[in-house]
Number of protein chains: 4
Amino acid sequence: MALEPSPADHFTFGLWTVGWPARDPFGDATRAPLDPVEAVHKLAGLGAYGVTFHDDDLIPFGADDAERDRLIERFTAALKETGLVVPMATTNLFTHPVFKDGGFTSNDRRVRRFALRKVMRNLDLAAQLGAQTYVMWGGREGGEYDTAKDVRAALDRYREAVDTLADYVVSRGYPMRFALEPKPNEPRGDILLPTVGHALAFISSLEHHEMVGVNPEVGHEQMAGLNFAHGIAQALWQGKLFHIDLNGQRGIKFDQDLVLGHGDLANAFALVDLLENGGVGGAPAYDGPRHFDYKPSRTEDMTGVWASAAANMRMYLLLKERAAAFRADPEVVEALAASRVGELREPTLAPGETFDDLLADPTAYEDFDADAVGEPGYGFVRLNQLALEHLMHAR
Amino acid sequence: MALEPSPADHFTFGLWTVGWPARDPFGDATRAPLDPVEAVHKLAGLGAYGVTFHDDDLIPFGADDAERDRLIERFTAALKETGLVVPMATTNLFTHPVFKDGGFTSNDRRVRRFALRKVMRNLDLAAQLGAQTYVMWGGREGGEYDTAKDVRAALDRYREAVDTLADYVVSRGYPMRFALEPKPNEPRGDILLPTVGHALAFISSLEHHEMVGVNPEVGHEQMAGLNFAHGIAQALWQGKLFHIDLNGQRGIKFDQDLVLGHGDLANAFALVDLLENGGVGGAPAYDGPRHFDYKPSRTEDMTGVWASAAANMRMYLLLKERAAAFRADPEVVEALAASRVGELREPTLAPGETFDDLLADPTAYEDFDADAVGEPGYGFVRLNQLALEHLMHAR
Amino acid sequence: MALEPSPADHFTFGLWTVGWPARDPFGDATRAPLDPVEAVHKLAGLGAYGVTFHDDDLIPFGADDAERDRLIERFTAALKETGLVVPMATTNLFTHPVFKDGGFTSNDRRVRRFALRKVMRNLDLAAQLGAQTYVMWGGREGGEYDTAKDVRAALDRYREAVDTLADYVVSRGYPMRFALEPKPNEPRGDILLPTVGHALAFISSLEHHEMVGVNPEVGHEQMAGLNFAHGIAQALWQGKLFHIDLNGQRGIKFDQDLVLGHGDLANAFALVDLLENGGVGGAPAYDGPRHFDYKPSRTEDMTGVWASAAANMRMYLLLKERAAAFRADPEVVEALAASRVGELREPTLAPGETFDDLLADPTAYEDFDADAVGEPGYGFVRLNQLALEHLMHAR
Amino acid sequence: MALEPSPADHFTFGLWTVGWPARDPFGDATRAPLDPVEAVHKLAGLGAYGVTFHDDDLIPFGADDAERDRLIERFTAALKETGLVVPMATTNLFTHPVFKDGGFTSNDRRVRRFALRKVMRNLDLAAQLGAQTYVMWGGREGGEYDTAKDVRAALDRYREAVDTLADYVVSRGYPMRFALEPKPNEPRGDILLPTVGHALAFISSLEHHEMVGVNPEVGHEQMAGLNFAHGIAQALWQGKLFHIDLNGQRGIKFDQDLVLGHGDLANAFALVDLLENGGVGGAPAYDGPRHFDYKPSRTEDMTGVWASAAANMRMYLLLKERAAAFRADPEVVEALAASRVGELREPTLAPGETFDDLLADPTAYEDFDADAVGEPGYGFVRLNQLALEHLMHAR
């Protein structure tokens, strides 16, 4: 049944999501730590496809090699038992005090070197577990005070770090790509590469730019008031949507990490429509994992944790169903045409037409009646109403 | 005297700034139209270096050729008399109803063709007047409703437009570069290329990417809650700060276009320090026009308009003076060192060091004492306090 | 049929909504002016119950008495023909340049006196047309610069104005109440009485506080990132929800005035549930007009205007239907109980219990096991998922 | 010397400010716990006047009576030695998991009863230590999901709690007033009484309204994009500024708790001008403690903590000095008059004038020339520039 999640849906969860003990800036943990092995089994039972992890989620910071091996072995066994895969891994460069001014861009060079080593160590494990994507969220790369961080030098170091790690992955033969995860602020006052746009621009400057894409997170873009579906569209357009973090956020405020759709529901609809249908395009635009990076609210116990995990998948499947119906509705097809949405795919210049040809075309300027062309409406409100009615299953 | 503006300071103003009649979404104009010739004379008298314009600022939309020639002649004469230059020009693709769904990315192809022609026509005039930079603010390129705009198709058309116009400029031999001006929203619900980052990323995809940079505006980035000085640093780092729009904004709300420094004063200090001193770098980072794109408040009459124009320049010069004193203060130099700000310029890997060398360095991991290195503070609050005391001239 | 609007639904529209010619800060009008008489007929045809107006919507600023009488007569005739009522009226104290620093709180006393007169004149007309509510939106009461407005003096003048006008209404025997409409900013940088809370607090200081309530607008509260349903709940709790402005807004940005539900859809659901069902309470919480104060997007022509008007009513009715189903669902009832939502209605102290009794109750402190009571989850995520599934008609 | 803090300046600090161990949502503590006794001595040495505390800052949650007495004794001794006073105290109803859905408004009645008891217990200690103000920050009173909290019932319980506690204080003869501290969100998605306005409105509904005022915090209002100086002016106007929390915030984002002036510097200037000079009024508007509720950045060690504490006081004194110079400048006096700022103190109606008199005054309407009166500018930009130049000590 379409609304029952299955591995074919490619739903994945971070160990740190269902495993979040719900400690927040003003409160102590409300839930006990969750054994990653239990997380694997539960998520498998709910229909997930895979799990992802930060090094420290699996192996506590500072654990010795024996402990490390033991933990990896248990985890691997759980994966084998359940069939879950690990399509993505990442590094924690933000919890320990040593990273208080960042990892790759800490003002302290010793920290930067340690950060590189910490990532390399986890790249080995990620490769061993079969991860194809390695995410980098530089949550501590930034600052609060404008004169305390030389941003251009920081970007130099950021580039040095990413290119060095890309070299490393290439040299080791790991079939792995990187995905940078932007965020505008929190925990730092301002984080470097604050939006999908800034990350894409940075990537274009890398030596190994072809190996590096983005991992946008719904709430992170919405914390800057940006349209998430627009950001994803630009990432896709630039061939850089290597991974995605799904969740919910209710506007510009602290990072809420709600369940997908529990924030801006209409934009979640547009997002799923884009991923699944390519929007007006009609072909799926993304085939990677549907990764949930959310936090079960601090008010919930473990029953609520698993309910929230299930809610994420159910929301995705509902939105997918609604988006499919929207695209299939003949009235929508007609409304899209009336709004000339598809006409935007037609190049502005005709095939072979040069700017000189355009200059020679009086219909484009000399005989163009701006007032007349400006008069008819685009019918966008009607189209949006149709979309919302499909979202609400009112048609 | 340092605080008296002179053409050497390269201050420029848009005709539409001092000429804004102060009509807003809830109110009628409170000021009479301003003759561009008068604007030129007044701005020259205040110490400005140049003026900039949209085609329609100078020549009303739909004017015939005779009127156009007459207006250009008067304007050119005023420039000659005053010595003001025109370093930048731009196109109005947003006021007339025909552009209600955008210019380069309107769903209506006829509008897109007309938009190209309108720009080409003004490129000729811009070249004739000596402009080296041509700004593109796509304020109507966007939408309110997620299903009404195929964002990927829109970016295709945007690219087509910019590349076509770059071709045109090259073919005509105009010594001109383009600068895209990002804005997150207003007048559209969401505008394409909403931040400096998104514009830089888009530019990296252009055929003529080397001819295209950005023209960031203080308030536009701050409308997304982003740190403007950080955005400028990234634009500089990518070699793309082709022009800049200076003004003020008080947080995330409608576009206020206040005087420079009349919004986030501390960030304005960091900005001028970056432009003039390169921040910690010590060398100016930008040598283009200091362009004011602001609106004299609707409460002001023409006396207030000219007072506000003067206030922009005075704020810039005051901030420049304060930033110079900040950089020259020995206690600041010491505090910067204590905060390891300069250390970020040192590459993380030593010259010639490979990742294999790093892996072989036990001080970077095996013998690294994270707790000990994480203990000392960075002294950032003290540094910020020093900056603010220089801004306040309290040292 | 429940989704077909009828006068029994009490839907009302401002003349300025469907009549907005779509001029915005960056663009000229895209639609011709709409004759109020035509608006009345069209809205009646769509199923509306009434219309509302600013004085200047009906009678252009400065019209002479003969013109005024003629316009009122035509309008009254249209009302009679259609059966539409005028439950609310208001004054335009923001469009004309004379109000550039406000009406009731302009620094210029002459303006304040004129503003009072303008309101009194329209109160007479409002009474004549049968309005029971008179709205005051002080969109120009505020400032951009902190030292330019003595806020305490401004609040004195605001109070003087409202109390004087209340006196006037009482003396004339008009059966009319006032409703203040808060907004945080735009067109002023900061507007006085920026939120529902500030307006309610101000009202508590009035001599005629019993005659004055609030007219909250969805987008205005959301422009400050506030939860609109929460604000309405507080207004209801304080007995002050005298009127309501329904529309949509997509986050903290300029005032969008979208169709209801075209912004934050989930919060719109909560709002309608509160108005219609009293939330968990089970009884309607508001019986006044459902007033739409929105703007048909500038991309639309008159066909789109009427489509958007209809969309507002349809969204309301759909949300009402969904909210009714939500409240009727036994699983929801069970989930609400599990979340202890109803338990909050039970007073914290038992009937007759004093604080001394509470001090003597060891179960409240001495024997209270905080760890044990803190352990169970509240099931809020499940409850929200149920709400969203009803909103999406997925149950 | 005016810039050296002394007890006469009435600077106070929360124990939890300098004592914050710098644990944040993404990172572990970077500083060791600080002994309250050490805090008292250090703050005294820096020139502070007093300290404030949450019950749990002084006495760990769950400590037995003997431990409690021992801790109070040590603390009292330190106060005696240093001469510091305790003008304010408050309760922690947010850290322990039992408060995960709030204290006074938890859906769980048992929690509400426990919360009341916890407050009563600390009221006794506050009275014993001489506190005149008792702050209530309801950081957990709120929700994330609109249907999970009956807001009207929550306000009933909130009122019940505050009135019960006021009764208690009265009955015990404690010379103490309450101050509610608003915040829009974080840690809850939406907090009840989100702004100064909402709290003032709520207070007007209390039985003991005369005993309850507000404790506004700079950053909390700015997290909603509101003008803090405006909010303080309204609180003063309503006679309800019982206490104040000074700090800094850089726009709408997570709660930053920066040093005063390290956020919006210009608004901090307006705030201090209002508190010290009553703005244009010329008389101090507030005589209570200048209380810093901030967090030393996580990047700092204890040296940085004390530097940041000193920075708060120095910023206040600098702003006070600048504001005094601003008010004393004859050009400012002239500019204020030109802007008619003082004219707003003049009632709109003349002494004894009735609305009938106003109706009979043709200069107010019939002969009023709106166009002419609307023409002159208010000179607000010049006035703001003068304020900023005083802030920057450029005059």
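Here are some questions and answers on how chains B, D and A meet in this predicted model, and on one residue, Leu58(B).

Residues are numbered from 1 along each chain as its sequence is written, while chains are lettered from A and ligands numbered from 1 in the order in which they are written. As the model is predicted, local features need pLDDT of at least 70 and side-chain atom pairs count only at pLDDT 80 or more, while totals for chains, interfaces and linings use all residues; side-chain values use heavy atoms, with hydrogens and water left out.

Q: What makes the relation of chain D to chain B that of a two-fold axis?
A: Superpose the copies by least squares on the C-alpha atoms of residues with pLDDT of at least 70 in both. Chain D then lands on chain B with an RMSD of 0.0 Å, after a turn of 180° and a shift of 0.0 Å along the axis. That is how a two-fold axis relates copies. In chain D, Met392(D) has the C-alpha nearest the axis, 2.0 Å from it.

Q: How do you know that the same surface serves both copies?
A: Take contact as heavy atoms within 4.5 Å. Of the contact residues of chain D, 100% recur in chain B. Each side brings its share: 37 residues from chain D and 37 residues from chain B.

Q: Why is the pair Glu389(B) and Arg314(D) called a salt bridge?
A: The rule wants a side-chain nitrogen of Lys or Arg within 4 Å of a carboxyl oxygen of Asp or Glu. Here the N to O distance is 2.6 Å, so the pair passes the 4 Å cut-off. The rule finds two salt bridges across this interface.

Q: What makes Arg117(B) and Glu366(A) a salt bridge?
A: Their closest N and O atoms are 2.6 Å apart, again within 4 Å. Between chain B and chain A the count is 14 salt bridges.

Q: What is the area buried between chain B and chain A?
A: Buried area is the accessible area (1.4 Å probe) that two parts lose on being put together, summed over both. By that reckoning you get about 10000 Å², with carbon and sulfur atoms giving 60%. Arg117(B), Trp237(B) and Leu344(B) supply 9% of what chain B buries there, more than any other three residues.

Q: Why is Leu58(B) called buried?
A: Buried means under 20% relative accessible area (1.4 Å probe, protein chains only), exposed over 50%, and partly exposed in between. Leu58(B) has 4%, so buried is the word. Among the residues that Leu58(B) touches are Leu15(B), Phe53(B) and Phe75(B), not counting residues up to four places away in sequence.

Definitions and conventions. Helices (H or I, at least four residues) and strands (E, at least two) are DSSP runs, numbered from the N terminus.
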